[in-house]
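Let's take a walk through this structure together, one stop at a time. Have the sequence and the 3D view ready.

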Amino acid sequence: MFQKSKEFVVNFLPFNPNKNNKQEIIDEVSKEKIKEKMLIYQNHKDNNDLQVLQQIYDEVYKYNQIDQNQKRFIKSIESNSQLFSYYSIKQLQEKHKMLKLCSKFREVRGDGNCFYTALGFRFLQILLGEQSQSQFLSFLDKIELIDLQFIQYFKNQKIPEEIQKSLLNEYLFRLCQMRLIEDKEQRLINLVQQYKAFEPKDDIDGYFFALTTIFFRNISYYVASKSELAENIFDKDNLLIWGEECNNNEIIIKELAEFLRVMIVLVFINKGTVQSVEYSGELHYHQILLLFQPGHYNIGFE
């Protein structure tokens, strides 16, 4: 079932000194550095280690009878009328309040990982589609600097310690592959295709979602551990358990906004009423809208 993937060949292009735009020059240099990092990640990963991700899927989802249409980890973007219907927002005042924040949304699968699904997908859209090559490279440097772990517990089991770094390298390698797709539209289409997939199809193995979920759970655990309010996060260990929710997400969201350098707008929707809270660090250039109805997160778009 698990075939060794084709070796990814990187062609290093000579630097073009005729570029006169400073940002283009910076991005050209950054692109070459991304290619160098990708080769390092490729040389420190093993495709056989992906079997543990299939094991997670089998162990966690095998007893869940899920309709075929509900299996996708993210769904298509839906309009404001569908947004109002989904959240039973009927009062004109609340509709106006919502439209000031969000005009469309993307539903994510409710499997206990919905917060990480929503946050992870929207952040990757920003990282891969809205930020520059140099900003992408800075993010990779940051992950390497903190020596991010890749721990995950599932059904009283744990990803073996000896393959955790290999899986992290696998994930960073895939991010580099996406980032190096020249056409932005195609890059983001590839992200959606990879993220939706819950099983192998064509050249997509279905593991990108699992890798992303584990990645953002470990980032969440890292920022929680470093937080001044760490002692108040009594269920911090839940961050590393597949499908488990953390009851202190607002503290985590605040720390994530700082770490990821984004503004996270948490939109609370309860019984048709709408409220919002903003979380942002000192530096932020992009916004993530998370729609929260008790028990579930979805992705909002302006």
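Before the first stop, here is a rule for how open a residue is: buried means under 20% relative accessible area, exposed means over 50%, and partly exposed is what lies in between. Keep in mind, too, that this is a predicted model.

Try the rule on Asp202, which sits in the loop between α8 and α9. With a relative accessible area of 78%, Asp202 is over the 50% mark and therefore exposed. Its backbone is worth a look as well: phi of Asp202 is near 55°, a positive value in a residue other than glycine. Asn156 tells a similar kind of story. You'll find Asn156 in the loop between β3 (153-154) and β4 (157-158), and its phi is positive at about 60° although Asn156 is not a glycine. At 87% relative accessibility, Asn156 counts as exposed.

Now for a residue in a helix. Ser85 belongs to α3 (residues 80-86), and with a relative accessible area of 56% it is exposed. Follow the chain and you have to go 187 residues to get from Ser85 to Gly272, yet the C-alpha atoms of these two are separated by 9.8 Å.

Next, helix α10, made up of residues 249-260. Does its length add up? At 1.5 Å a residue, its twelve residues should span 16 Å, and the end C-alpha atoms are indeed 16 Å apart, so the two figures agree. Is this helix enclosed or open? Nine of its twelve residues are buried, so α10 is largely enclosed by the rest of the structure. The buried ones are Asn249, Ile251, Ile252, Ile253, Glu255, Leu256, Ala257, Phe259 and Leu260. And what do they pack against? Among the helices, their partners are α5 (114-129), α6 (133-145) and α9 (208-226); among the strands, they are β5 (263-270), β6 (273-280) and β8 (296-301). Just after α10 comes Arg261, whose phi is positive, near 60°.

One of those partners, α9, is home to Arg217. This arginine is buried yet has no salt bridge: the nearest side chain of opposite charge, Asp111, is 7.2 Å away. What does the Arg217 side chain reach instead? It comes to 3.4 Å from the backbone oxygen of Gly112, and one of its polar atoms lies 3.1 Å from the backbone oxygen of Asn238. Leaving out residues up to four places away in sequence, Arg217 touches a list of others that includes Tyr116, Gln152, Leu240 and Trp242.

Elsewhere, charged side chains do find partners. Side chains of opposite charge can pair when their charged atoms come close. How many salt bridges are there? The count comes to eleven. One of them joins Glu32 and Lys35, at 3.6 Å from N to O. Both residues lie in helix α1 (residues 22-43), three residues apart, which is about one turn of the helix, and both are buried.

Helix α4 (residues 92-101) has a pair of its own. Here Lys97 and Glu94 meet in a salt bridge at 3.4 Å, N to O, and being three residues apart, they are separated by about one helical turn. Lys97 is partly exposed, with a relative accessible area of 32%, whereas Glu94 is buried at 7%.

A third salt bridge connects Arg174 and Asp205, at 2.6 Å from N to O. Arg174 lies in helix α7 (residues 161-179) and Asp205 in the loop between α8 (184-196) and α9, so this pair ties together parts that are 31 residues apart in sequence. Arg174 has a relative accessible area of 10%, which makes it buried, while Asp205, at 22%, counts as partly exposed. These two also belong to a network of salt bridges that links Lys45, Glu170, Arg174 and Asp205.

The last stop is the cysteines. A disulfide is a covalent bond between the sulfur atoms of two cysteines. How many disulfides does the structure hold? The number is zero. As for where individual cysteines sit, Cys114 counts as buried at 4% relative accessibility, and Cys176 counts as buried at 0%.

Technical notes
Residues numbered from 1 in each chain as written. Predicted model: local features only at pLDDT ≥ 70, side-chain atom pairs only at ≥ 80, totals over all residues. Heavy atoms only, no water. Disulfide = S-S within 2.5 Å. Buried < 20%, exposed > 50% of the residue type's maximum accessible area, 1.4 Å probe, protein only. Helix = DSSP H or I, 4+ residues; strand = E, 2+ residues; numbered from the N terminus. Expected span 1.5 Å × (residues − 1). Contact = heavy atoms within 4.5 Å. Lys, Arg positive; Asp, Glu negative; His and termini not counted. Salt bridge = Lys/Arg side-chain N within 4 Å of Asp/Glu carboxyl O. Polar contact = N/O pair within 3.5 Å; in protein donor to acceptor, adjacent residues only side chain to side chain.
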